Amino acid sequence: MSEKKKTAEKLEEKLLMKRKNAAEELTAKQIKECDDFCEGYKDFMNRSKIEREAVIYSVELLKKKGFKEYKAGMKLKAGDKIYKNNRGKSVLIAIIGSAPIEEGVRLCAAHIDSPRLDLKQNPLYEDTDMALFKTHYYGGIKKYQWTTIPLSLHGVIIKADGTSVTVNIGEDENDPVFCVTDLLPHLAASQMTKPLAKGITGEQLNIVIGSRPFKDDKASGSVKLNIMNILNEKYGITEADFISAELEAVPAFKAKDIGFDRSMVGAYGHDDKVCAYPALMATAECEDPVHTVVTVLTDKEETGSDGNTGLHSSYLEYFIHDLAEALGSNGRTVLSASECLSADVNAAYDPTFPEVNEKNNAAYINRGVVVTKYTGARGKSGTSDASAEFTGRIRRLMDANEVIWQTGELGKVDEGGGGTVAAYIANLNVDTIDLGVPVLSMHAPYEIVSKIDTFMAYKAFKVFICD
Ligand code: MN
Ligand code: MN
């Protein structure tokens, strides 16, 4: 009997997959390395609530690491480190490899925009002695989650004379914050009977910004005028300047450790900065790669990647064409030989909502970075579906370099689904697969990730671009 069991145990070890919490496999020293990496991540999160701020953070870091701004027609050679800031909302980074560019580039693509409430172009109004901002939400949100939480305001305003004002208010301890209201339960009898999707509507996501009127002999009693006067004193703007502004209301929460064991990080915008930061760090630290490295931190993923700062546009393709030409090749040849990690988050299995996942193919917190062969919905619609061959190549790479990883799909087959930028890059004839960090409460104002998984994403990008 015991001999038989031994055989079964041996066979099990040889033939079956083991899935367990990575914290069981790692040493205390290795776990500390993950935790330390996330200290930097939390700082990045607190300073990069929106895509424009993530670009500023990235460019500052890249300059410190010796990266030079790319200019059209620039001569390039192996070892050169460059970046290109695309309109302040996305950034392209490259390190020229020692191998001929015809062998293709190692591409990492993550997005730095996250779901939020954008101000409308004519946002300011007064109703019943209160001043408010009208919003149009950006990306897929559950609207009820965005009421009664502190909000900060970030972005830019282009004034009538063409000068630009940067706005960042609500993050400093001494700043005021803003808030969307909700009904008290005592008077919500009718609202509470509505389905969750209809309990709060888009036009109810109005942000409270003031309640005291302007006081003057001639014109008094206007709360709107008082707010506009404060804004004029602070930013030098008039009401019409909102028309040429991009102002984004985001949760004013700070990134914090979650749990008594501090094993997780809670923050706004893990999707997809929890992939963008590891990809940025791996690239910034990479020296003398064999293959040319291209990392892109893009905008507009949450609204479908359209627009000239999104990856459905040609800006990445043009950049690779430029690199190819500068190195005596052509874009078509280079793209066709390239490989890409489309770095985006996946849904983590949530024990409170087990019904939406198929247990054998879900991603789990603390089981490492998740490799997603395909995304899409209703019969894989919208996916680029990585080939078995490329999936095998990534699997060997991860295993050979002790990257803890797992496979995962976004929910049960008929439950819904989603897409990433993978398809746009694969459509350029690039071998592409999704790889990222599992997230709890994705697209909520406060999302949760594991520190070990975040570090494993960093390790995955590092071995992919530096091997
Ligand atoms: Mn994403
Ligand atoms: Mn998303």
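Author: Strands here are DSSP runs of at least two residues, numbered from the N terminus. In this predicted model, histidine 136 is placed in strand S6, residues 130–138.

Reader: Is histidine 136 buried or exposed?

Author: Exposed means over 50% relative accessible area. Histidine 136 has 54% relative accessibility, so it counts as exposed.

Reader: Which residues does histidine 136 contact, leaving aside its neighbours within four places in sequence?

Author: They are Leu117, Asp118 and Lys120. Separately, the C-alpha atoms of histidine 136 and leucine 205 are 7.9 Å apart, while their positions lie 69 residues apart in sequence when counted as a separation.

Reader: Turn to the metals. Which residues are the protein donors of the manganese ion (ligand 1)?

Author: His111 donates through NE2, and Asp271 and Asp344 through OD atoms, with Asp344 listed twice. These donors lie 2.1 to 2.5 Å from the ion. Along the chain their spacing reads H-x159-D-x72-D. Aspartate 271 is in helix H7, and aspartate 344 is in the loop between strand S15 (339–343) and strand S16 (346–347). The two are 73 residues apart, and the pair links distant parts of the chain. Both aspartates, 271 and 344, are buried.

Reader: What are the protein donors of the manganese ion (ligand 2)?

Author: Asp271 (OD), Glu302 (OE, listed twice) and His443 (NE2) serve there, at 2.0 to 2.6 Å. The spacing of the donor residues is D-x30-E-x140-H. Aspartate 271 lies in helix H7 (residues 270–284) and histidine 443 in the loop between strand S22 (438–439) and strand S23 (447–450), so the pair ties together parts 172 residues apart in sequence.

Reader: Which residue coordinates both manganese ions, and how far apart are the ions?

Author: Aspartate 271 bridges ligand 1 and ligand 2, and the two manganese ions are 3.3 Å apart. Aspartate 271 has a relative accessible area of 3% and is buried. Histidine 443, at 18%, is buried too; the cut-off for that word is under 20%.

Reader: Next, the cysteines. How many disulfides are there?

Author: The test is a pair of cysteine sulfur atoms within 2.5 Å. By this rule the count is zero. Take cysteine 108: the closest cysteine sulfur is in cysteine 340, 7.1 Å away, and that is too far for a bond. Cysteine 340 is likewise in no disulfide, with the sulfur of cysteine 108 as its nearest cysteine sulfur. Cysteine 108 is buried at 0% relative accessibility, and cysteine 340 is buried with a relative accessible area of 0%.

Reader: What describes two packed helices?

Author: The angle between their axes and the distance between the axes. Here helix H3 (residues 28–47) packs with helix H12 (residues 451–466) at about 85°, and the axes are 8 Å apart. That makes H3 roughly perpendicular to H12, a term that covers angles of 65 to 115 degrees.

Reader: Which residues meet where H3 packs with H12?

Author: From H3 they are Ile31, Glu33, Cys34, Asp35, Phe37, Cys38, Glu39 and Tyr41. On the H12 side they meet Lys451, Ile452, Thr454, Phe455 and Tyr458. By class, the contact has eight nonpolar residues, one polar and four charged.

Key
Residues are numbered from 1 along each chain as its sequence is written. Chains are lettered from A and ligands numbered from 1 in the order in which they are written. This is a predicted model: local features need pLDDT of at least 70, side-chain atom pairs count only at pLDDT 80 or more; totals for chains, interfaces and linings use all residues. Side-chain values use heavy atoms; hydrogens and water are left out. Donors are N, O and S atoms within 2.8 Å of the metal (3.2 Å for Na, K and Ca); water is not among the atoms, so sites may look incomplete. Helices (H or I, at least four residues) and strands (E, at least two) are DSSP runs, numbered from the N terminus. Buried means under 20% relative accessible area, exposed over 50%, partly exposed in between (1.4 Å probe, protein chains only). Axes are lines fitted to C-alpha atoms, for helices over the stretch in contact, and angles run from 0 to 180 degrees between N-to-C directions. Angles under 35 degrees count as roughly parallel, over 145 as roughly antiparallel, 65 to 115 as roughly perpendicular and the rest as oblique. Contact means heavy atoms within 4.5 Å. Ala, Val, Leu, Ile, Met, Phe, Trp, Tyr, Cys and Pro count as nonpolar, Asp, Glu, Lys and Arg as charged, and the others, Gly among them, as polar.
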